[in-house]
Amino acid sequence: MARYLLYLGCLIPYREISYEVSARRIARELDIELVDMPDFNCCGFPVDGVSHEAALLLAARNLAIAEREGMDIMTLCNGCFATLHHAALEMEEDPELRAWVNEQLAKVGLEFTGKVHVKHIVHVLLEDVGLEKLKEKVTNPLDKLVVAEHTGCHLMRPAKVMKFDDPDNPRVLKELIAITGAKCVDYPDEGQCCGGPILGVDAKMALGLVVDKLRRVREAGAQALITVCPDCHFMYDFNQPLAERQTGEKFGIPVLHYTQLLGLAMGISPDELGIGMLRVKADKVLELTKG
Amino acid sequence: MSRQNEEKIPCEGGRRFPWSLEDVLKGKEIWLCASCFTCVDRCPRGVDFTYISIALRNLAAREGNIPDATRAVASTVLETGLAYKIPASRLKMREKQGLPPLPSVNAEQVKTLLEAVGLGEILAKKPEG
């Protein structure tokens, strides 16, 4: 049985509870034991532009807490995953930097030694559960449903650091979607950023990226968009009405967390997967996925 | 390239070349980088521009150039340890959904670490003029 410390980060408890609800629900079904990570702080990503040192210390504190707990970390967020992963690599590659970080951590009784691995839930589904076991769990194939994928930047880029999938032609999430029985269509620029990190800096520009994506997804004939990151989901779901207002077009494209899609295919009820908490109503999707 | 160059080329940000370092650090453009790392993947010379962009933003921040939203989030991290203050209604919703309570953060400990790198001072500095 896989066992991980669940690192929630900030956006999920703030705005994306449906992701947590569905992730915990499918984890239970897949024998992934999730232990709530105590005393976690912000991963560091939101302050990286202001002070990389501050971001590094925030990440390092999380990693050190996980070490103290003696367990590897699982994140649901691409940004949290990338920030913790980057920080661990940076400290591994630069012993002087690591010594400096540990000097700081010592002030609060913590230490980073590099023992802990950080995974995103997508890695856990692929590596710990495996495609074969996932297939076995699908009792309600979603074969009437057509979706599009958005993997999100920070799971794949930079390619030389993340060493995962192909950012220009993402395949992994498509494979995971195929397991559910849903058809996943291709569309241009699948790897384009959701704009989340610049929403507060220039909302018009960020929402322009959302409009780009939703137009392409609609043109490809998808009935829903599937994400694996709370920030991408926040942009495409919660901010979809703002994007519609900006462009004067109506999209009405439901955006599901992959954990929700998989849960539906596993025959779990929509209520247990937080589907009702989505901002863009997914009634049509539910109609098409009824067992 | 000299500042006196008559032939000025507009760039995407609507500004004109050549920029001075001051223009770069006072401008908004560097904050429009979403750290998507596409440029790092694309660059045939391995320039890793996203990391340079982060370094430039760090320098700009020390001059007081931080977008309001970024300053607000960073201040919340400094104060609470998390990027957002989670409203009581959201904590209630967790309960209703059968989720465990949100673990509490030792905010003082986080603050000790962040103050050691002067985050409070950086955030307190307002842009000139």
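A:Glu92 is found in helix H4 of chain A, which covers residues 78-93; helices here are DSSP runs of H or I with at least four residues, strands are E runs with at least two, and both are numbered from the N terminus. Welcome to a predicted model, in which local features need pLDDT of at least 70, side-chain atom pairs count only at pLDDT 80 or more, and totals for chains, interfaces and linings use all residues. Residues are numbered from 1 along each chain as its sequence is written, chains are lettered from A and ligands numbered from 1 in the order in which they are written, and side-chain values use heavy atoms, with hydrogens and water left out.

## Surface patches

A:Glu92 joins A:Glu93, A:Asp94 and A:Glu96 in a negative surface patch. Patches are made of residues with over 30% relative accessible area and no salt bridge, with like charges joined within 9 Å and nonpolar side chains (Val, Leu, Ile, Met, Phe, Trp, Tyr) within 5 Å. Lys and Arg count as positive and Asp and Glu as negative, while His and the chain ends are not counted. Each charge is placed at NZ of Lys, CZ of Arg, CG of Asp or CD of Glu. A:Glu92 has a relative accessibility of 49% and so counts as partly exposed; buried means under 20% relative accessible area, exposed over 50%, and partly exposed in between (1.4 Å probe, protein chains only).

Chain B offers a nonpolar patch: B:Val47, B:Phe49 and B:Ile52 make one of about 240 Å². Accessible areas come from the Shrake-Rupley method with a 1.4 Å probe, and for residues only the protein chains shown count as cover. B:Val47 sits in the loop between helix H2 (38-42) and helix H3 (49-62) of chain B, and is partly exposed at 43% relative accessible area.

As for the setting of this patch, chain B has seven helices and zero strands. Buried residues make up 38% of its 129 residues.

## Salt bridges

Side chains of opposite charge can pair when their charged atoms come close. Counting a side-chain nitrogen of Lys or Arg within 4 Å of a carboxyl oxygen of Asp or Glu as a salt bridge, the total is 26 over all chains. Three of them are set out here.

| Salt bridge | Closest N and O atoms |
|---|---|
| A:Glu132 and A:Lys135 | 3.4 Å |
| B:Arg42 and A:Asp168 | 3.1 Å |
| A:Asp186 and A:Lys174 | 2.8 Å |

What separates A:Glu132 and A:Lys135 along helix H7 of chain A? The two are three residues apart in this helix (residues 131-137), and therefore about one helical turn lies between them. A:Glu132 is exposed, with a relative accessible area of 53%, whereas A:Lys135 is partly exposed at 45% relative accessibility.

B:Arg42 forms a salt bridge with A:Asp168. This pair crosses between chains, with B:Arg42 in helix H2 of chain B and A:Asp168 in the loop between H8 and H9 of chain A. A:Asp168 counts as partly exposed, with 49% relative accessibility.

A:Asp186 forms a salt bridge with A:Lys174. A:Asp186 lies in the loop between S6 and H10 of chain A and A:Lys174 in helix H9 of chain A, so their pairing ties together parts that are twelve residues apart in sequence. Are these partners buried or exposed? A:Asp186 is exposed at 52% relative accessibility, and A:Lys174 is buried, with a relative accessible area of 7%. Elsewhere, salt bridges that share partners join A:Glu20, A:Arg24, A:Asp36 and B:Arg94 into one network.

## Backbone features

Most residues other than glycine have a negative phi, and most peptide bonds are trans. The peptide bond from A:Arg157 to A:Pro158 is cis, with omega near -10°. A:Pro158 lies in the loop between strand S5 (146-150) and helix H8 (159-162) of chain A.

A:Lys163 is not a glycine, yet has a positive phi of about 50°. A:Lys163 is in the loop between H8 and helix H9 (172-179) of chain A and is exposed, at 69% relative accessibility. A:Asp189, also in a residue class other than glycine, has a positive phi near 55°. This aspartate belongs to the loop between strand S6 (183-184) and helix H10 (203-219) of chain A, and is partly exposed at 48% relative accessible area.

## Cysteines

How many disulfides does the structure hold over all chains? There are zero, a disulfide being a pair of cysteine sulfur atoms within 2.5 Å. For A:Cys232, the closest cysteine sulfur is that of A:Cys229 at 3.9 Å, which is too far for a bond. A:Cys232 is buried, with 5% relative accessible area. B:Cys36 is in no disulfide either, and its nearest cysteine sulfur, in A:Cys153, is 4.8 Å away.
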